[in-house]
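Please open the model in your viewer and keep the residue numbering switched on. The tour goes from one selection to the next and says at each stop what is there.

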Amino acid sequence: MASAEFRPLDEKSLIEYIKATPSLSSKIGNKFDDLTIKEVGDGNLNFVYIVIGSSGSFVIKQAIPYVRSVGESLPMTKERAYFETLALTEHGQLCPDHVPEVYHFDPKMYLIGMRYLEPPHIILRKGLIAGVEYPLLAEHMSEYMARTLFRTSLLYRTTSEHKRAVAEFCGNVELCRLTERVVFSDPYKVSELNRWTSPYLDHDAEAVREDNILKLEVAELKSKFCERAQALIHGDLHTGSVMVTPNSTQMDTLMKGMTGNGDAALDWASFLAYKEWILRTIEETWTLFQKKFTALWHQHKDGPGEAYLPEIYNKPELQQLIQEKYVKDLFHDSLGFGAAKMIRRIVGVAHVEDFESIKDASKRAACERQALELAKTLLKERRKFQAISGVISAIRKLQS
């Protein structure tokens, strides 16, 4: 079904929409008497509905013409739903074990229907706050990143394929502009959208706005974000966009707002052990990603990818040099973009529950200040880090 014109749906009108849409109604066995619909989208952009019946379930996401967490004062094109559907479909084909299936897309209602990740799946961020360990998280995250990054890059694709893919996504202007603004611009100037734990971080926020070196580095990252198109990335890959159980990891922007906390509560003694698990997981995620990414490169070195033609880069030692440089550049970019996102989450717009759930403002500010100092170090000195172990050491040093 494609509707005649856009209209925001609510729980009642969504039932009628589902009845008229075979790709959705079939997922619940065309049974509507016991259907329950719950709106759970406390994310920043969209409305999200969980639809559950006796014979099946799915999730509906509808884009609205403004940023939900801000309001109509910050307009946002509804067409972002189209590009999200493209990305989810593409990544789902490349890594089906870790990307939920898309069932339906309505280009006029800007509505996506997809698999509901039923309990015990919860948002990774909530599990981390609760102190739950996920033994397969590093394995799964690295698998998803390696497959999607490699197979949508020129290491695997021809230049013709790559340009067609880039052209398809060139219309995703507004969502990219939002990132350009809130990640790479607003935290470094006075902006009505910025906020922080005041008055405790007033000086820290001002220091970010007055740091010339920081501004130079973030300008370089903004340039890369705007001008380079190396691969089809998730674009919003953080702990609020991942659904997990101890055995499952699903990359998903649709599930923001789903309720459910972990089944553990940290005391002080277990906190120290949990911190070690987090640091170990960070290190393992990058180490496994690098291993899997280069393994795919070796596997397809004689394939159609046109970044490094085999008749030119035909010596093992030269191939190794190329791979080492490529991965090192990728590592430094990752540190930079991750740091920029950290800064935005502390002195910009759209903060995170990890900090916001700390009720004591002075304690929250102390934690935020540590994270902010780490982010500034990573952003300004990212090229000095030669391995992920150095990043872990920097975190330990900051916390000692």
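In what order do the three strands of the open sheet stand, and is the pairing parallel or antiparallel? The order is S8-S9-S10 and the pairing is antiparallel, where two strands pair if DSSP finds at least two bridges between them. Strands (E, at least two residues) and helices (H or I, at least four) are DSSP runs, numbered from the N terminus. Before going further, note that this is a predicted model, in which local features need pLDDT of at least 70 and side-chain atom pairs count only at pLDDT 80 or more, while totals for chains, interfaces and linings use all residues. Residues are numbered from 1 along each chain as its sequence is written, and side-chain values use heavy atoms, with hydrogens and water left out.

**The open sheet**

Select strand S8 (122–123) and strand S10 (249–251), which stand at the edges with a single partner strand each, so one side of each is left without a neighbour in the sheet. Now add strand S9 (residues 242–244), which pairs with S8 in the antiparallel sense over two bridges; within this pairing, Met-243 of S9 is the bridge partner of Ile-123. Next select helix H5 (residues 137–151), which lies across S9 and S10 and runs at about 35° to S10. Axes here are lines fitted to C-alpha atoms, for helices over the stretch in contact, and angles run from 0 to 180 degrees between N-to-C directions.

**Strands S1, S2 and S3**

Move to strand S2 (residues 47–53), which is mostly covered, with five of its seven residues buried; buried means under 20% relative accessible area, computed with a 1.4 Å probe on protein chains only. Strand S1 (residues 36–39) pairs with S2 in the antiparallel sense over four bridges, and Tyr-49 in S2 is the bridge partner of Glu-39. S2 is also joined by seven bridges to strand S3 (residues 56–62), and these two run antiparallel. S2 and S3 form a hairpin with two residues between them, and Phe-47 stands opposite Gln-62 in S3.

**Helix H11 and its neighbours**

Select helix H11 (residues 316–347) together with helix H13 (residues 361–381): their axes come within 8 Å and cross at roughly 150°. That makes H11 roughly antiparallel to H13, a term for angles over 145 degrees, whereas 65 to 115 counts as roughly perpendicular. The crossing is left-handed, meaning that the near helix is turned anticlockwise from the far one by less than a right angle; clockwise would be right-handed. Among the residues of H11 that meet H13 are Leu-335, Gly-336, Ala-339 and Ile-343, and the H13 residues that they and others meet include Glu-368, Ala-371, Leu-372 and Lys-376, contact meaning heavy atoms within 4.5 Å. By class, this contact of H11 with H13 has twelve nonpolar, one polar and two charged residues, where Ala, Val, Leu, Ile, Met, Phe, Trp, Tyr, Cys and Pro count as nonpolar, Asp, Glu, Lys and Arg as charged, and the others, Gly among them, as polar.

Keep H11 and add helix H9 (residues 212–227), which packs against H11 at an angle of about 110° with the axes 10 Å apart. That makes H9 roughly perpendicular to H11. Leu-214, Leu-221, Lys-224 and Phe-225 of H9 make the contact with Asp-333, Gly-336, Phe-337, Ala-340 and Ile-343 of H11.

Return to H13 and add helix H14 (residues 388–399); the two pack at an angle of about 145°, with their axes 10 Å apart, and H13 passes H14 in a right-handed crossing. Here Gln-370, Glu-373, Leu-374 and Leu-378 in H13 meet Val-391, Ile-395, Leu-398 and Gln-399 in H14.

**Backbone details in the loops**

Most residues other than glycine have a negative phi, and most peptide bonds are trans. Select Pro-119 and Pro-120, which are joined by a cis peptide bond with omega about 15°; Pro-120 lies in the loop between strand S7 (111–114) and S8. Another cis peptide bond joins Ser-198 and Pro-199, with omega about 5°, and Pro-199 is in the loop between helix H7 (173–184) and helix H8 (202–210).

Then select Tyr-110, which is not a glycine but has a positive phi of about 50°, in the loop between strand S6 (102–106) and S7. Tyr-110 counts as buried, because its relative accessibility is 14%. The last stop is Ala-350, in the loop between H11 and helix H12 (353–356), where phi is near 65°. Ala-350 counts as buried at 12% relative accessibility.

Note on methods. Parallel < 35°, antiparallel > 145°, perpendicular 65-115°, else oblique. Buried < 20%, exposed > 50% of the residue type's maximum accessible area, 1.4 Å probe, protein only.
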